[in-house]
Amino acid sequence: MQPRNMSMSGVVDLAAVKAAQEAKAKAEQARAETARQGGGGAVSPADLVIDVDEAGFEAEVLQRSAEVPVVIDFWAEWCQPCKQLSPVLERLAIEYNGRFLLAKIDVDANQMLMQQFGIQGIPAVFAVVAGQALPLFQGAADEAQIRQTLDQLVQVAEQRFGLTGLVVDPDAEPGGAPPAEVPIGPYDALLNAAAQALDAGDLGGAVQAYKNVLADDPAHPEAKLGLSQAELLQRVQHLDPQQVRRDAAEKPADAQAQIAAADLDLVGGHVEDAFGRLIDAVRRTVGDDRDTVRLRLLELFEIVGAEDPRVAAARRALARALF
């Protein structure tokens with residue numbers, strides 16, 4: 001079988017050379033700064049190649065594609081070309097030093113994933129960037145061709161999505177959990193101010209108070225959740241529920257109409273309705289509209305909480321809708 005190279009040149013804006021160079025420079029600075037600060041969350045080289053199955057696909061591919069491009073190698077033990085291609089991809093994953101993560105999927109054990117990606121033959125190589133799937137190539141490919149495709153993938157991830165990849169520490173323990181983040185300082189006063197503003201119906205004040213915390217500590221869990229909740233209430237504050245639901249019923253493919261209705265669903269306690277509405281909208285929309293719906297759904301997941309079984313079920317449904 002001749003290789004069917006899926007060039008990504010059409011994704012790259014060739015007219016924006018200067019902007020691309022600036023974006024790449026910023027990405028390099030971000031990686032250097034992360035490493036300078038001690039490499040929080042650094043991974044070992046062994047963690048750059050992982051085996052993924054259907055149960056772990058959402059967490060290990062979809063979620064991680066928000067921080068690093070994930071290259072997927074679909075293979076099988078009986079596939080002779082796979083035995084030639086896979087070692088090359090594994091070696092390049094180490095060489096690219098965190099620019100991408102290689103996920104290996106055995107198609108014999110994961111038939112559903114093979115069907116969702118529409119794979120007709122193996123080896124087949126895809127990438128997932130910020131939740132979006134990109135076909136790279138199918139069949140055997142020489143190393144020069146693979147490198148060119150990977151270089152384009154890394155470039156797109158940096159320029160279009162701001163993904164700077166993973167920080168790799170040769171001394172890190174394989175599979176080790178990242179060190180716990182230490183809060184920068186106490187924020188009781190600001191968090192109390194946010195709670196008081198919410199009680200008083202001052203949603204703008206609550207939003208600003210949470211943002212003040214996050215300006216110093218972007219990972220502060222209570223402030224992140226509070227901000228998401230306050231912004232949700234702010235979005236629905238002046239909506240006409242009857243008009244919103246009428247628009248959603250009449251315009252099933254309108255991303256903004258479905259998003260507004262889902263916000264109302266969630267505020268009203270109809271969690272599964274909100275999730276189902278946006279998953280249906282993901283199926284009906286394309287391009288930027290689809291990405292807008294997907295991102296709002298992820299925001300609603302954060303509000304409800306990852307431990308909620310409704311979130312886990314909706315994440316699986318979202319993965320099926322995307323692929």
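Visitor: What makes aspartate 280 partly exposed?

Guide: In this predicted model, aspartate 280 has a relative accessible area of 32%. Partly exposed runs between the 20% and 50% cut-offs, so aspartate 280 gets that label.

Visitor: And why is arginine 283 called partly exposed?

Guide: Same kind of check. Arginine 283 comes out at 48%, and exposed would need over 50%, so arginine 283 counts as partly exposed.

Visitor: How do you know that the side chains of arginine 283 and aspartate 280 meet in a salt bridge?

Guide: The N to O distance is 2.8 Å, and the cut-off is within 4 Å, so the pair qualifies. The two residues sit three apart in helix α11 (residues 271-284), which means about one helical turn separates them.

Visitor: Over in helix α12 (residues 287-304), what makes arginine 296 buried?

Guide: Arginine 296 has 15% relative accessibility. Buried means under 20%, so arginine 296 is buried. Glutamate 299, three residues away in that helix, is partly exposed at 35%. Their side chains meet in a salt bridge at 3.3 Å, N to O.

Visitor: Why is the contact of arginine 147 and glutamate 143 called a salt bridge?

Guide: Their N to O distance is 3.1 Å, against a limit of 4 Å, so the name fits. Both lie in helix α5 (residues 143-161), four residues apart. Arginine 147 is partly exposed at 26%, and glutamate 143 is partly exposed at 28%.

Visitor: Which residues are linked with Glu143 and Arg147 in a network of salt bridges?

Guide: Arg91 and Glu95. The whole structure holds 18 salt bridges.

Technical notes
Residues are numbered from 1 along each chain as its sequence is written. This is a predicted model: local features need pLDDT of at least 70, side-chain atom pairs count only at pLDDT 80 or more; totals for chains, interfaces and linings use all residues. Side-chain values use heavy atoms; hydrogens and water are left out. Buried means under 20% relative accessible area, exposed over 50%, partly exposed in between (1.4 Å probe, protein chains only).
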